[in-house]
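User: Hi! I have just opened this one and I'm new to it. Could you walk me through it?

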Amino acid sequence: MNTQSNDELVFLPLGGTGEIGMNLNLYGCRGKWLIVDLGVSFGDDSTPGVEVFMPDPAFIADRHENLLGIVLTHAHEDHLGAVAHLWPRLRCPVYASPFAASLLRTKLVEANLESEVRVHVVPLGGRVQLGPFGVEFVTQTHSIPEPNSLAIDTPFGRLLHTGDWKFDPKPMIGAAADIARLGALGDEGILALIGDSTNVFKQGAAGSESDVRDSLTELLGRYKRRIAVACFATNVARVESIAVAAAAHDRHVALVGRSLWRIDKAARENGYLTDIAPFLTEHDAGYLPEDKVVYICTGSQGEPRAALARIANDSHPHVTLKADDVVIFSSRIIPGNEKSIFRLQNQLIRQGVEVITEKDHFVHVSGHPGRDEMIRLYGLVRPRISVPVHGEARHLREHAQLARDCGVGQAMVLQDGEMLKLAPGNVEVVAVVPTGRLAVDGTRLVPMDSVIMRDRHRMVHNGSAVVTIVLDRLGKLLGDPQISAHGLLDAEHEANAHEAVVEAVRDAIDEMPRPARQNDELVREATRLALRRHLKQSHGKKPLTDVHLVRV
Ligand SMILES: [Zn+2]
Ligand SMILES: [Zn+2]
């Protein structure tokens with residue numbers, strides 16, 4: 001298997017190609033490697049106990065001496081969130097825009113890595129040379145400050161890695177996308193475009209933040225009571241839009257939620273939000289009349305510990321909402337979060353709070369390109385090859401078709417772990433390398449497919465049963481087996497059921513021939529079987545079982 005990328009140029013996604021989230025892209029050239037983006041995904045009902053997970057970087061960790069650097073396109077968690085977790089396995093310099101570097105440094109401080117990791121700040125429009133890779137930051141627009149496409153020069157030709165993007169003529173924060181530069185790159189020739197597929201099913205264009213600002217300004221004028229607006233903390237332009245809309249109606253703005261304050265600090269450090277008065281704390285805002293305040297809250301996705309959920313269930317120390325107050329969800333529903341968002345909205349509505357979402361009013365635009373924008377980009381860049389990324393299989397296939405319709409000669413749909421040779425010669429998958437996911441489990445990273453996570457899953461769905469038996473040397477049972485079945489059987493209130501399990505285990509051991517009872521392994525297996533069989537019959541469950549055998 002060729003995994004050394006010798007005299008050729010390869011692209012190898014380890015995360016983010018086949019799912020939306022946890023991006024990890026590798027470019028390989030003449031034995032050297034470059035990582036573009038290193039992000040996380042967030043857990044849901046299918047990943048009990050796991051809130052955050054990320055791609056397993058084993059392939060590149062094994063070759064880290066040939067890893068030249070990690071280049072970050074922008075500061076979203078799905079692009080930057082894994083750096084502090086995985087850097088100790090990669091140990092290479094990191095390159096990021098000023099705003100992304102600010103947010104990354106905060107994370108590195110929390111992980112005690114700030115003195116080890118070299119974070120190089122690349123100015124907008126700047127360029128860095130890393131071995132055979134010349135990487136130019138091309139200004140884009142998105143839903144966070146300083147998004148970049150990367151034009152990557154190699155001895156085999158130039159690539160354009162789009163990152164997350166859209167064409168917003170008036171992004172309100174930062175410059176509009178550098179369309180002139182994209183066109184010039186196209187004129188000079190692009191070998192391959194590796195691009196965002198998120199909104200390939202959306203007709204038209206994403207829409208502009210400036211229109212959201214106008215719409216919010218009109219909307220806020222309709223209300224005389226308290227207003228809370230939930231949005232993504234990283235969407236600094238949206239935070240500014242809400243602040244501008246509030247000021248137009250003589251309202252002050254308070255931030256509610258830690259991540260909003262963290263982003264506010266990084267934004268102001270980098271020269272954003274300079275025309276916006278410092279935000280009030282939730283505590284200070286409590287003294288204002290209800291028609292003089294707007295709360296900007298975290299928790300638009302229904303996250304149970306975020307500000308809005310706590311306000312909704314009346315457990316927030318400083319902010320309360322009453323009947324006829326208004327909550328505006330200035331955000332979209334991230335697929336998978338429907339249940340928790342609707343639960344939160346129902347809770348608010350039951351209290352008489354008016355809930356406004358993007359279904360009711362124009363309060364949100366996406367940060368990703370609709371089809372019209374994608375077609376326009378292909379017209380500008382005119383790559384020879386298209387490699388859709390940042391999408392599930394259905395997005396990637398649709399994006400590949402769109403690229404072909406735009407006249408791209410070859411559009412390649414990959415999966416994580418497939419190494420695509422871009423040049424020289426045929427464009428083809430030349431190797432498939434192992435991939436996986438690592439979960440943040442307390443203070444450790446644990447493979448999602450490990451025994452630990454499998455057992456965790458089983459305990460959540462079926463409970464657990466542990467039995468302790470004490471035998472003498474000849475195999476005689478000394479005392480009753482001790483059984484605890486957490487999440488399955490309440491020994492205190494279900495004494496009969498509990499006694500029946502004990503009996504089943506005792507009978508199973510008693511029925512064993514004497515020589516077998518002297519063999520620990522045979523006793524354990526018989527006990528385990530009896531326990532399982534009984535609980536399957538009595539409870540219809542197959543718990544995680546464990547047998548402790550003590551010989552005295
Ligand atoms: Zn993004
Ligand atoms: Zn993204």
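**A first look around**

Analyst: Happy to! This is a predicted model. In the protein chain, residues 24 or more positions apart account for 70% of the contacts with a separation of 6 or more.

User: How many helices and strands are there in the protein chain?

Analyst: The protein chain has 17 helices and 29 strands.

User: And what box do the C-alpha atoms fill?

Analyst: Taken along the principal axes, the C-alpha atoms of the protein chain fill a box of roughly 85 × 70 × 45 Å. Of the 552 residues in the chain, 46% are buried.

User: Let's talk sheets. In what order do the strands of the 8-strand sheet come?

Analyst: That open sheet runs S9-S8-S7-S4-S3-S1-S23-S24, with mixed pairing. Strand S9 (119–121) and strand S24 (428–432) are its edge strands, each pairing on one side only. From one strand to the next, the twist averages 25°.

User: What does "mixed" refer to there?

Analyst: Strands of a sheet pair through backbone hydrogen bonds, and they can do so either parallel or antiparallel. One pair to look at here is strand S1 (residues 9–15) with strand S3 (residues 24–29), which are antiparallel over 6 bridges. Within that pair, Phe11 stands opposite Tyr27 in S3.

User: Which strands does helix H3 touch on that sheet?

Analyst: Helix H3 (residues 83–90) packs on the sheet and touches strand S4 (32–38), strand S7 (67–71) and strand S8 (94–96). The direction of H3 makes about 175° with that of S7. There is also helix H4 (residues 98–110), which lies across S8 and S9 and runs at about 155° to S9.

User: What is the angle between H4 and H8?

Analyst: H4 and helix H8 (residues 258–269) pack at about 135°, and their axes are 9 Å apart. At that angle, the two helices are therefore oblique to each other. The crossing of H4 past H8 is right-handed.

User: Which residues meet there, from H4 and from H8?

Analyst: From H4 they are Phe99, Ser102, Leu103 and Thr106, and they meet Arg262, Ala266 and Glu269 in H8. Sorted by class, this contact has 3 nonpolar, 2 polar and 2 charged residues.

User: I clicked on Pro93 by accident. Where does it lie?

Analyst: Pro93 lies in the loop between H3 and S8. With 15 other C-beta atoms within 10 Å, Pro93 is partly exposed. Not counting residues up to four places away in sequence, Pro93 touches Gly69, Arg118 and His120.

User: And how far apart are Pro93 and Ala245?

Analyst: C-alpha to C-alpha, Pro93 and Ala245 are 41 Å apart in space, and they are 152 residues apart in sequence.

User: New topic: how many residues of strand S12 are buried?

Analyst: 6 of the 7 residues of strand S12 (residues 148–154) are buried, so that strand is mostly covered.

User: What about strand S16, why is it largely enclosed?

Analyst: Strand S16 (residues 252–256) is largely enclosed by the rest of the structure because 4 of its 5 residues are buried. S16 runs parallel to strand S17 (residues 293–297), and 5 bridges join the two. Ala254 stands opposite Tyr295 in S17.

User: Back to S12 for a second. Which strands does S12 pair with?

Analyst: S12 pairs with strand S11 (residues 133–139) in the antiparallel sense over 6 bridges. Val135 has Ile152 in S12 as its bridge partner. S12 also pairs with strand S13 (residues 157–161), again antiparallel, over 5 bridges. There, the bridge partner of Leu150 is His161 in S13. A hairpin through 2 residues joins S12 to S13.

User: Last one: what is the order of the 3 strands in the other open sheet?

Analyst: That order is S28-S27-S29, with mixed pairing. The edge strands are S28 (482–484) and S29 (544–551), each of which pairs on one side only. Neighbouring strands of this sheet are turned by 10° against each other on average, direction ignored. Strand S27 (residues 464–471) pairs with S29 in the parallel sense over 8 bridges, and Val466 stands opposite Asp546 in S29.

User: Which helices pack on that sheet?

Analyst: One of them is helix H15 (residues 495–510), which touches S27 and S28 and makes about 130° with the direction of S28. Helix H17 (residues 520–539) packs there too, touching S27 and S29, and its direction makes about 140° with that of S29.

Conventions: Residues are numbered from 1 along each chain as its sequence is written. Chains are lettered from A and ligands numbered from 1 in the order in which they are written. This is a predicted model: local features need pLDDT of at least 70, side-chain atom pairs count only at pLDDT 80 or more; totals for chains, interfaces and linings use all residues. Two strands pair if DSSP finds at least two bridges between them. Axes are lines fitted to C-alpha atoms, for helices over the stretch in contact, and angles run from 0 to 180 degrees between N-to-C directions. Two residues are in contact if their C-beta atoms, placed from the backbone, lie within 7 Å. Angles under 35 degrees count as roughly parallel, over 145 as roughly antiparallel, 65 to 115 as roughly perpendicular and the rest as oblique. A crossing is left-handed if the near helix is turned anticlockwise from the far one by less than a right angle, and right-handed if clockwise. Ala, Val, Leu, Ile, Met, Phe, Trp, Tyr, Cys and Pro count as nonpolar, Asp, Glu, Lys and Arg as charged, and the others, Gly among them, as polar. A residue is buried if 20 or more other C-beta atoms lie within 10 Å of its own, exposed if 12 or fewer, and partly exposed in between; C-beta atoms are placed from the backbone.
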